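Biologist: I should like to learn how contacts and empty spaces are read from a model. Could we work through an example together?

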Amino acid sequence: MITFEPSILSADFSRLGEQAQEAQVAGSQIIQIDVMDGVFVPNITFGPGIVSALRSSVGIKLDVHLMIIQPERFIQQFIDAGADRLIIHQEASQHLYKILQSIKNAGIEAGVSINPGTSLSAIEEVLEVVDVVQIMTVNPGFGGQSFLFSQLNKIRRLTKILDERGIQIPIAVDGGIDTQTAPQVVEAGATVLVAGSSVFNQQKTVAENLKDLHMSVKK
Ligand code: DX5
C-alpha cells in the first residue's frame with residue numbers, strides 16, 4: 001500500500017493546526033514535521049512546542065524528521081511533546097545505533113534518513129533497528145525544490161538490499177514528490193511518499209491534492 005505523508009513544512013504557518021486537520025480529514029494517517037536547526041541544514045523551523053500544539057490538534061501519527069545536529073539532545077523533549085516517530089539523520093549522529101536504540105527503548109518508532117550524497121553503506125548496520133528508512137530526494141532544508149532523479153537508483157538498490165536480507169520495513173522518500181515523480185519512486189520500491197508543496201499549496205485544497213497524488217500511483 002502506498003502512503004502519502006503530508007509534510008507541514010509547506011503548510012500555512014499562520015494556521016498550522018487547521019492545515020493538519022485538513023490532512024487528517026482528507027484521510028492522512030500520519031504527517032511529517034520537519035525540524036531544522038539552521039546548522040545541519042540552512043534553515044530553522046519548528047521545536048517541541050509545535051509538536052505538542054499539533055498533538056492537541058490532530059489524532060493522527062506525528063512523524064518528526066530531525067534535521068538537526070546531535071539529535072540525542074532532544075529525543076526526550078520530542079517524545080514528551082507527543083511524537084509517534086523520530087527520524088534522525090545518519091550524517092548528524094556520532095552514535096547512530098545507540099540513538100536509534102534509545103528511541104526504540106522509549107517506546108516510539110525510529111527512522112533513519114540519508115541525504116542525496118550519502119551512500120546506503122552508511123546505514124546498512126542499522127536496518128534491523130529502524131522502522132523506516134527515509135531517502136532524501138532533495139538536499140534538505142526547504143520545501144518546493146526539484147526532485148533529484150539520481151536518487152531513483154539508490155531507492156532501487158535499497159529495495160534490493162531489504163529484500164535480500166528479509167527486512168520488511170518501508171522505504172520513505174522525501175522531497176520533490178508530485179504527480180509526476182510519485183509513480184517513479186513507487187516503481188523503484190518506495191511506499192511512503194512525503195509530500196509538502198504538492199499537498200499544501202494555493203492551487204487546490206489539501207483533499208484535492210492528496211486525491212491527485214493517490215490517482216497518480218494507481219495501477
Ligand atoms: C526538505 C524537507 C522537504 C519537505 C517536502 O528538508 O524535508 O523535503 O519535507 O517538501 P516538498 O514536498 O515541497 O519537496
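Biologist: How far from an oxygen atom of the ligand does a backbone N or O atom of G144 lie?

Modeller: The model is a predicted one, and its distances are computed from it. A polar contact is a pair of N or O atoms within 3.5 Å. In this case, a backbone N or O atom of G144 is placed 2.8 Å from a ligand oxygen atom. For G176, a backbone N or O atom likewise lies 2.8 Å from an oxygen atom of the ligand. A polar backbone atom of G141 is 2.7 Å from an oxygen atom of the ligand.

Biologist: What share of the area that the ligand exposes when taken alone does the protein bury?

Modeller: Taken alone, the ligand exposes 370 Å², and the protein buries 100% of that.

Biologist: Which residues that surround the ligand are the closest?

Modeller: The ligand is surrounded by 20 residues, and the closest are D34, G141, D174, G196 and S197. By class, this shell comprises eight nonpolar, 10 polar and two charged residues. Strand 2 (30-36) and strand 3 (61-67) are the elements that give two or more residues to the shell.

Biologist: How is empty space found in general, and where does the ligand sit?

Modeller: Rolling a probe the size of a water molecule over the atoms reveals where space is left empty. Here, the ligand sits in the largest cavity. The count comes to one cavity of 30 Å³ or more, and the volume of the largest cavity is about 210 Å³. This cavity is lined by 22 residues, of which F142, G143, D174, G175 and G176 are the closest to its centre.

Biologist: Which strands each supply at least two residues of that lining, and how does the lining divide by class?

Modeller: Strand 2 and strand 8 (192-195) each supply at least two residues of the cavity lining. By class, the lining has 10 nonpolar, 10 polar and two charged residues.

Biologist: What volume does the largest pocket have, and which residues lie nearest its centre?

Modeller: A pocket is an open set of points, whereas from a cavity the probe cannot get out. The largest pocket holds about 310 Å³ of space. Its lining consists of 17 residues, and M1, T3, Q29, I30 and V192 lie nearest the centre.

Biologist: Which element gives the most to the lining of the largest pocket?

Modeller: Strand 1 gives the most, with three residues. Strand 1 (3-6) and helix 7 (206-216) each supply at least two residues of this pocket lining. The lining divides into eight nonpolar, six polar and three charged residues.

Methods: Residues are numbered from 1 along each chain as its sequence is written. This is a predicted model: local features need pLDDT of at least 70, side-chain atom pairs count only at pLDDT 80 or more; totals for chains, interfaces and linings use all residues. Side-chain values use heavy atoms; hydrogens and water are left out. On a 1 Å grid over the protein atoms alone, a cavity is a set of points where a 1.4 Å probe fits but cannot get out, and a pocket is an open set with protein on both sides within 12 Å along at least five of seven lines; lining residues have an atom within 4 Å of a point. Grid points are joined across faces, edges and corners, and a volume is the space filled by probe spheres set on the points. Helices (H or I, at least four residues) and strands (E, at least two) are DSSP runs, numbered from the N terminus. Ala, Val, Leu, Ile, Met, Phe, Trp, Tyr, Cys and Pro count as nonpolar, Asp, Glu, Lys and Arg as charged, and the others, Gly among them, as polar. A residue is near a molecule or strand if one of its heavy atoms lies within 4 Å of it. A polar contact is a pair of N or O atoms within 3.5 Å; within protein, one must be able to donate a hydrogen and the other to accept it, and residues adjacent in sequence count only if both atoms are side-chain atoms. Accessible areas come from the Shrake-Rupley method with a 1.4 Å probe; for residues, only the protein chains shown count as cover. A molecule sits in a cavity or pocket if more than half of its atoms lie within 2 Å of its grid points.
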